[in-house]
Amino acid sequence: MDLTFDEKVKSSPLPVVVDFWAPWCAPCKMMKPAIASVMQEFEGQFLLIEVNTDEDQELTQRFNIKSIPTLIGYNQGKEVARRVGGMSARDLRAFFLAVQKGEAYTGIDSQSRTFRLVATAILFFLAFNKGFNLIVLVMAIGMLVFATYDKLPLKNIQKWFQARKGGTS
């Protein structure tokens with residue numbers, strides 16, 4: 001019996017990673033060997049479901065896939081992580097580990113965060129060096145958010161606003 005997509009995800013005793021891809025997609029092609037390598041590293045610990053977005057447009061629309069490659073991770077039948085765009089083998093490994101633990105994948109490793117924070121500091125310096133430059137200041141603030149967005153309590157802020165409006169979360 002051929003299980004449906006939902007049955008495969010919900011009934012799997014293993015964490016599930018769904019790879020939305022297409023044959024013409026260059027980043028998808030570049031990621032295939034890295035995904036294979038990570039799957040081999042985690043042999044028997046994950047179920048990988050590959051969805052060709054050209055052939056299965058129903059699933060593509062249902063999961064609101066606007067760009068590929070897109071990876072969605074499920075743990076115990078629930079979506080825990082989603083990542084759009086190409087990923088290195090190191091990032092893929094981190095994604096798989098996050099899915100395995102049932103945690104959200106932020107996609108920012110310490111090296112990337114440090115680079116972004118240094119770039120932020122440079123932009124702040126440039127914004128106030130020899131006068132004031134509003135455009136560079138806005139760029140610095142944007143870079144600061146970009147470097148720390150996974151640490152910001154956005155869900156808590158959203159819940160607070162919903163509670164103030166009398167809505168539910």
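The following exercises, each with a worked solution, concern a predicted model of a protein chain.

**Exercise 1. Overall architecture**

Determine how many helices and strands the protein chain contains and in what order the elements run.

*Solution.*
Step 1. The secondary structure comes to 7 helices and 4 strands.
Step 2. Read from the N terminus, the elements follow the order α-β-α-β-α-β-β-α-α-α-α.
Step 3. Of the 169 residues in the chain, 34% are buried.
Step 4. Among contacts with a separation of 6 or more, 62% are between residues 24 or more positions apart.
Step 5. The chain exposes about 10,900 Å², and carbon and sulfur atoms supply 59% of that area.

**Exercise 2. The pairing of the strands**

Establish which strands pair with strand 1 and with strand 3, and state whether each pairing is parallel or antiparallel.

*Solution.*
Step 1. Strand 1 (16–21) and strand 2 (47–52) run parallel and are joined by 6 bridges. Within this pair, Val-17 is opposite Leu-48 of strand 2. The connection from strand 1 to strand 2 passes through helix 2, and this β-α-β crossover is right-handed.
Step 2. Strand 1 is also joined to strand 3 by 5 bridges, here in the antiparallel sense. Val-18 stands opposite Ile-72 of strand 3.
Step 3. Strand 3 pairs in turn with strand 4 (residues 78–84), again antiparallel, over 6 bridges. Two partners in strand 4 may be located: Glu-79 is the bridge partner of Tyr-74, and Arg-82 is the bridge partner of Ile-72.
Step 4. Ile-72 thus has Val-18 opposite it and Arg-82 as a bridge partner in strand 4.
Step 5. Strands 3 and 4 form a hairpin with 2 residues between them, and Gln-76 in the turn has a positive phi of about 55 degrees.

**Exercise 3. The covering of strand 3**

Decide whether the residues of strand 3 are buried or exposed, and assign them to the two directions in which they point.

*Solution.*
Step 1. Strand 3 is mostly covered, with 6 of its 6 residues buried.
Step 2. Thr-70, Ile-72 and Tyr-74 point one way, while Leu-71, Gly-73 and Asn-75 point the other way.
Step 3. Both groups are buried.

**Exercise 4. The geometry and packing of helix 2**

Compare the expected and actual spans of helix 2, then locate its bend and its packing partners.

*Solution.*
Step 1. Helix 2 covers residues 26–41, which is 16 residues; at 1.5 Å a residue it should span 22 Å.
Step 2. The C-alpha atoms at its ends are 24 Å apart, which agrees with that expectation.
Step 3. The helix bends by about 35 degrees at Lys-32, and the proline Pro-33 follows within four residues.
Step 4. The buried residues of helix 2 are Cys-28, Met-31, Ala-34, Ile-35, Val-38 and Met-39. These pack against strands 1, 2 and 3 and against helix 4 (89–101).
Step 5. Arg-93 is in helix 4. Its C-alpha lies 9.0 Å from that of Ala-34, although the two residues are 59 apart in sequence. Leaving aside residues up to four places away in sequence, Arg-93 touches Val-38, Glu-41 and Phe-42.
Step 6. Arg-93 has a relative accessibility of 27% and therefore counts as partly exposed, since that class lies between the limits of 20% and 50%.

**Exercise 5. Backbone features in the loops**

Identify what is notable about the backbone at Asn-64, Pro-69 and Lys-130, and classify the accessibility of Asn-64, Ser-67 and Lys-130.

*Solution.*
Step 1. The loop between helix 3 (57–62) and strand 3 holds Ser-67, and Asn-64 and Pro-69 are placed there too.
Step 2. Asn-64 is not a glycine, yet its phi is positive, near 55 degrees. At 49% relative accessibility, Asn-64 is partly exposed.
Step 3. Ser-67 has a relative accessible area of 37% and is likewise partly exposed. Ser-67 and Val-84 are 17 residues apart in sequence, with 6.7 Å between their C-alpha atoms.
Step 4. The peptide bond joining Ile-68 and Pro-69 is cis, with omega about 0 degrees.
Step 5. Lys-130 lies in another loop, between helix 5 (110–128) and helix 6 (134–148). This non-glycine residue has a positive phi of about 55 degrees. Its relative accessibility is 82%, so Lys-130 counts as exposed.

Conventions
Residues numbered from 1 in each chain as written. Predicted model: local features only at pLDDT ≥ 70, side-chain atom pairs only at ≥ 80, totals over all residues. Heavy atoms only, no water. Expected span 1.5 Å × (residues − 1). Bend = angle between axes of the 7 residues up to and from the residue. Buried < 20%, exposed > 50% of the residue type's maximum accessible area, 1.4 Å probe, protein only. Contact = heavy atoms within 4.5 Å. Areas by Shrake-Rupley, 256 points an atom, 1.4 Å probe, with all protein chains shown as cover. Pairing = 2+ DSSP bridges. Right-handed = clockwise from strand over helix to strand, strands pointing away.
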